[in-house]
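Me: I've got a model open and I keep tripping over the labels people use. Can you walk me through what earns each one?

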Amino acid sequence: MRIKTLSLLLITVSLLLPTSAFAASPADVTNDRVTFDFPISATFSATITANAEIRSIVLEYGNEQQTCGDVVAKAFPQFTPGARVDAEWVWEMRQSGSLPPGAKLWWRWRVTDINGVETVSETKTATWLDDDHNWKTLDEGLINFHWYQGDEAFARDLMNAAQNGLKFNETESGLTAESPIDIYIYGNTNDLKDAILYEPSWTGGQAFPDQDIVILGISQTDLDWGRNSIVHELTHVLVGHLTFSCLGDVPTWLNEGLAVYSEGELDPASQQQLDEAIQNDTLLSIRSLSAGFSEVSDKAYLSYSQSFSVVKFLVETYGQEKMTALLTSLRDGVTIDEALTNTYGFNVEGLEDEWRAGIGAKPRAVSAQPTAQPTATFVPTIVPVSGFQFSQITTSTAIPTSSFGTQQPTTEAPQPSGPPLWLTLSLLGMCCVFLLLIGVVVLGLIARRGNQQQGGNHG
């Protein structure tokens, strides 16, 4: 009877006590911060205290950007097990690739003690940006404009160019901004190059569509170039958002053509080069402009001018709604030939025929060999670490912008080569004779040794 009474008493007391009295206490994470050595590294550190010995610490981190799925990077800082631990881990940008200025970092700590109690700290964020400059911000609509050199009139001038670029893209190309875009203006191209690792010396600007970021190096004496460049890079962000997919890709002529088209008409020098290519029948095939542009100056500038002309033909002949439909088809993972056929009724070669006729160029030269057709390939999501940039070629008068993927110089495939057939046969014959002589000598030595042995036995 006493045992039953005691049991009932214990049950009653356990029900009256709060559940937290029996629950294991989570670890306490303090001094949780990130320290930047811009643009080299980001150091995450925290002091972690628990009621039992800490056996596992995992830093989960990443940066905010468009991805095909939830991606979480994990780091495992080294530490000595104990009830109180100072944890630290360094994100080396020289190993992973640099993030664009203005990227939003996030991180949290996952801690497990010896009893298996797991604690996940609060997720914290920070903006990856240098503190060498006194950054100022001007916000208007979906544009967050950041600069440090020049007065507000300078910033307002470039902000107006950005807003006009957004309006032009919406009305003429059907491209709209879906979220705020951050534009970071460095005072010159040297400051820009110091802000991001592993970029070509001629880089004047870059767009990072996955992170809604544009960076440019614009001095107060380069406002004309700066206005056009802002619109150019903003267009890449808009195209990137509309076509974001892990299944398909946008050909370079279409992406760069839309960006140049958004700037307005071609400058006189580019228009003259395009006119001469039309007259001399030296236009590049549209198929060849689907990948990265050449780094040879003349071909590079012609590539941009010609891409502008092709996009202008499509938009002004068939309207912006069809252009939007073309980009949407590419987002859905179809090839450029399928997207063009579904939207306009012709493939890449058909587009070139229509475009050449529209601008008064000679008909396309037809190759005797069939054209290889690209096939869409699935690309798995990886940990986001950096943006990608298309490049342009530098000139003595202006610093060109780059976009979102590196252009590689076009090179011809190496041709197989080897020695003449007669030389190969001669060497083979000499080797055979040489081996035959060695065999004769070896057999002679063996026979001589056998004779000597027989003579000794007879003696």
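Me: Why does Glu 349 count as buried or exposed, whichever of the two fits?

Reply: One thing up front: this is a predicted model. Glu 349 comes out at 15% relative accessibility, and buried means under 20%, so Glu 349 counts as buried. You'll find Glu 349 in helix H11 (residues 348-359).

Me: What makes the contact between Glu 349 and Arg 287 a salt bridge?

Reply: The call needs a side-chain nitrogen of Lys or Arg within 4 Å of a carboxyl oxygen of Asp or Glu. Here the N to O distance is 2.6 Å, so the pair fits that rule. Arg 287 has a relative accessible area of 17%, which makes Arg 287 buried under the 20% cut-off.

Me: How do you know that the pair links distant parts of the chain?

Reply: Glu 349 is in helix H11, whereas Arg 287 is in the loop between helix H7 (268-280) and helix H8 (297-318). The two are 62 residues apart.

Me: How many salt bridges does the structure hold, and what makes Asp 157 and Arg 227 one of them?

Reply: There are 16. For Asp 157 and Arg 227, the closest N and O atoms are 2.7 Å apart, so the pair passes the 4 Å limit. This pair also links distant parts of the chain, with Asp 157 in helix H3, Arg 227 in helix H5 and their positions 70 residues apart.

Me: Why are Asp 157 and Arg 227 called partly exposed?

Reply: That label covers the range between the buried cut-off (under 20%) and the exposed one (over 50%). Asp 157 is at 23% and Arg 227 is at 26%, so both get called partly exposed.

Me: What about Asp 332 and Arg 331, what makes them a salt bridge?

Reply: Their closest N and O atoms are 3.3 Å apart, and the limit is 4 Å, so that pair counts too. Asp 332, at 47%, is partly exposed, and Arg 331, at 31%, is partly exposed as well. Elsewhere, salt bridges that share partners tie Glu 60, Arg 108, Arg 110 and Glu 118 into one network.

Me: Why is Ala 46 called buried?

Reply: Ala 46 has a relative accessible area of 3%. The line is drawn at under 20%, so Ala 46 is buried. Beyond its neighbours within four places in sequence, Ala 46 is in contact with several residues, including Val 29, Val 85 and Trp 109. Ala 46 sits in strand E2 (residues 41-63).

Me: What makes E2 mostly covered?

Reply: Of its 23 residues, 18 are buried.

Me: How do you know that E2 pairs with strand E1, E4, E5 or E3?

Reply: Two strands pair if there are at least two bridges between them. E1 (residues 28-37) and E2 share 8 bridges, E2 and E4 (residues 82-92) share 10, E2 and E5 (residues 103-113) share 9, and E2 and E3 (residues 73-75) share 3. So each of these counts as a pair, and each runs antiparallel. Some of the matches: Val 34 with Phe 44 in E2, Ala 42 with Trp 91 in E4, and Glu 60 with Lys 74 in E3. E1 and E2 are also joined by a hairpin through 3 residues.

Me: Why do E8 and E11 stand at the edges of their sheet?

Reply: The sheet is open, with 5 strands in the order E8-E9-E10-E12-E11 and mixed pairing. Strand E8 (136-140) and strand E11 (205-208) each have a single partner strand, so one side of each has no neighbour in the sheet. From one strand to the next, the twist averages 15°. Helix H3 (residues 152-173) packs on this sheet, touching E8, E9 and strand E10 (181-186).

Me: Last one: why is Phe 434 called exposed?

Reply: Phe 434 is at 53% relative accessibility and exposed means over 50%, so Phe 434 counts as exposed. Phe 434 lies in helix H12 (residues 421-458), and together with Leu 435 and Ile 438 forms a nonpolar surface patch of about 320 Å² accessible area.

Notes:
Residues are numbered from 1 along each chain as its sequence is written. This is a predicted model: local features need pLDDT of at least 70, side-chain atom pairs count only at pLDDT 80 or more; totals for chains, interfaces and linings use all residues. Side-chain values use heavy atoms; hydrogens and water are left out. Helices (H or I, at least four residues) and strands (E, at least two) are DSSP runs, numbered from the N terminus. Buried means under 20% relative accessible area, exposed over 50%, partly exposed in between (1.4 Å probe, protein chains only). Contact means heavy atoms within 4.5 Å. Patches are made of residues with over 30% relative accessible area and no salt bridge: like charges are joined within 9 Å, nonpolar side chains (Val, Leu, Ile, Met, Phe, Trp, Tyr) within 5 Å. Accessible areas come from the Shrake-Rupley method with a 1.4 Å probe; for residues, only the protein chains shown count as cover. Axes are lines fitted to C-alpha atoms, for helices over the stretch in contact, and angles run from 0 to 180 degrees between N-to-C directions.
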